[in-house]
Amino acid sequence: MELLNAARELSIYTAYNTNVDAIVFLRGETVQRLIDEFGAEAVRRRMEEYPREINEPLDFVARLVHALKTGKPMAVPLVNEELHSWFDSHFKYDVERMGGQAGIIANLLANLDFRRVIVYTPHLAKKQAMMFVDRPNLFYPVVEDGRLAFKHPREAYREGDPIKVNRIFEFRAGTTFKLGNETVEVPFSGRFIVSARFERIKVHTEPELRPFLPEIGMEVDGAILSGYQGIKLRYSDGKDANYYLKKAKEDIMLLKREKNVKVHLEFASIQNRELRKKVIYNLFPLVDSVGMDESEIAHILNALGYSKLSDRIFTYNRIEDTVLGGKILIDEMNLEILQIHTIYYIMYITHTDNPLSEEELRKSLELATALAAARASLGEIKSPEDYRVGLKVPYNERGEYVKLRFEEAKRRLRTKEYRVVIIPTRLAQNPVSTVGLGDTISAGAFTSYLALLKKKGEL
């Protein structure tokens with residue numbers, strides 16, 4: 001609790017992506033109904049084609065069944081805005097709540113009673129604004145009479161702003177259905193996300209606010225930026241990904257202009273390799289910290305030209321390959337620290353000149369997994385005391401195996417110039433929800449990392 005209390009003294013800025021999460025708790029009969037609607041053979045054929053985006057309902061069903069068979073969490077962009085009505089007619093949403101990394105992290109840190117949480121999203125419709133928690137430490141930046149001001153998001157919404165709805169299909173291990181003659185049993189609990197990616201939803205800072213980013217940087221100890229997966233390669237108005245990435249780079253430099261604010265980038269799945277490469281090469285060298293899961297590091301390594309290593313991570317999921325990939329990433333992108341979260345472990349990779357010891361880095365990861373376990377157990381963290389719930393959740397059953405494999409990996413790889421710390425995750429047996437667990441881990445890890453740096457006078 002001591003480290004959490006130290007982290008709560010911080011002020012954090014988080015941007016850009018917020019949306020409404022419409023959640024469906026999937027049952028076997030629901031999946032069966034979808035397969036029967038299109039026919040098992042048509043679903044199989046489309047699965048083999050492996051559509052990278054959802055243009056029509058069959059694309060969705062094929063990628064959903066693929067996710068269920070592997071039991072791995074996946075996100076696929078929905079690019080056809082007309083499909084809203086198809087989804088709404090086929091599913092009853094069990095929950096509608098705050099989604100998007102920036103929104104989830106803002107609510108989490110506000111509920112944990114951080115000193116000040118400033119959240120920014122370029123689109124703030126009333127329905128979206130009302131999903132922010134009603135806490136006095138949560139602010140949204142606005143420009144009034146040519147000056148920077150802060151309001152609660154619920155008081156800053158704009159009529160007519162577009163709203164982004166992401167549909168999340170939560171699935172449970174043991175769920176069964178038939179794909180033709182094949183009986184499928186879902187091996188792991190997880191989620192399949194259909195993320196809306198429409199032109200009207202931009203990932204940028206509004207021109208009116210941009211000149212005030214250095215002032216916002218002065219107000220905070222750290223920034224958590226996310227949502228770049230929402231950038232499109234090309235736009236109908238002639239702009240392209242390069243335009244928005246140039247603006248994104250300028251935003252980071254403006255935040256850091258008056259004070260060297262530590263910036264964490266939370267990376268999320270980008271299906272298009274060209275866009276993924278652009279985000280990596282443009283933004284990673286400007287930030288201090290990056291967070292991702294193991295499939296995302298494999299995607300990144302593939303984009304950087306390490307296809308064999310990428311394939312090994314996808315195929316075998318060995319710790320030593322992930323460590324090797326992490327070493328490549330912090331060296332090539334000049335990162336201060338890299339955080340990788342998986343179902344069974346969380347890892348930090350940094351250089352030996354990092355001010356924090358392995359023990360301190362381990363404490364930061366311990367806080368992160370306890371927060372995630374609390375969120376999984378409760379569905380949402382509503383106060384700092386909820387953290388104690390996470391501390392009671394046991395480490396996963398593969399914890400000892402993870403430690404063993406990590407020691408083997410360290411013996412095989414040259415890690416003399418690096419600090420590599422790994423801990424097993426605390427895994428709630430019957431999670432209320434798995435949405436936002438990665439964001440919770442990253443926010444917990446980054447803010448506790450900052451708190452430890454501050455304690456040493458390094459921030």
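## A walk through the model

Start by selecting Asn317, which sits in the loop between helix H12 (307-316) and helix H13 (319-332). The structure on your screen is a predicted model, in which local features need pLDDT of at least 70 and side-chain atom pairs pLDDT 80 or more, while totals for chains, interfaces and linings use all residues. Residues count from 1 along each chain as its sequence is written, and side-chain values use heavy atoms, without hydrogens or water. Helices (DSSP runs of H or I, at least four residues) and strands (runs of E, at least two) are numbered from the N terminus.

**Stop 1: two asparagines**

Stay on Asn317 for a moment. What is the sign of its phi angle? Phi of Asn317 is positive, near 55°, and this residue is not a glycine. The relative accessible area of Asn317 is 31%, so Asn317 counts as partly exposed. (Buried is under 20% relative accessible area, exposed is over 50% and partly exposed is in between, using a 1.4 Å probe and protein chains only.)

Next, click Asn334, in the loop that leads from H13 to strand S15 (337-341). Here too phi is positive, near 55°, in a residue other than glycine. Asn334 is exposed, at 61% relative accessibility.

**Stop 2: an open sheet**

Now show the strands as ribbons. In which order do the 5 strands of the open sheet lie? Going across, you meet S3, S11, S8, S2 and S4, with mixed pairing. (Two strands pair if DSSP finds at least two bridges between them.) S3 (74-78) and S4 (95-99) are the edge strands: each has a single partner strand, so one side of each has no neighbour in the sheet.

Zoom in on S3 and its pairing with S11 (residues 190-196). These strands run in the parallel sense and share 5 bridges. To find your bearings here, select Ala75 and look across to Ile193 in S11, which stands opposite.

**Stop 3: an enclosed strand**

Select residues 289-293, which make up strand S14. Is S14 enclosed or open? All 5 of its 5 residues are buried, so S14 is largely enclosed by the rest of the structure. Turn on the side chains: Ser289, Gly291 and Asp293 point one way, while Val290 and Met292 point the other way. S14 runs parallel to S13, joined to that strand by 3 bridges. One spot to look at is His264, whose bridge partner in S14 is Ser289.

While you have S13 (262-266) on screen, add helix H10 (residues 273-283). Which residues of H10 are buried? They are Leu275, Arg276, Val279, Ile280, Asn282 and Leu283. Their cover includes S13, along with helix H9 (241-255) and helix H11 (294-303).

**Stop 4: Tyr16 and His204**

Go back towards the start of the chain and pick Tyr16, in strand S1 (residues 11-16). The peptide bond joining Ala15 to Tyr16 is cis, with omega at about 20°.

From Tyr16, jump to His204, in the loop between S11 and helix H8 (213-219). His204 is buried, at 17% relative accessible area. What touches His204, apart from neighbours within four places in sequence? Tyr16 does, and so do Tyr120, Pro122 and Tyr244 (contact means heavy atoms within 4.5 Å).

**Stop 5: Tyr157**

Select Tyr157 in the loop between strand S7 (147-151) and strand S8 (165-171). This tyrosine is partly exposed, at 28% relative accessibility. Next, pick Lys127, which is 30 residues away from Tyr157 along the chain. Use your distance tool on their C-alpha atoms: the separation is 8.8 Å. Leaving out neighbours within four places in sequence, Tyr157 is in contact with Leu124, Ala125, Lys126 and Ala129.

**Stop 6: rings and charges**

Finish with the charged side chains that sit over rings. (This means NZ of Lys or CZ of Arg within 6 Å of the ring centre and within 35 degrees of the ring normal.) Select Arg63 and Tyr50 together: the arginine lies over the face of the tyrosine, 4.0 Å from the ring centre. Then try Lys239, over the face of Tyr243 and 5.2 Å from that ring centre.
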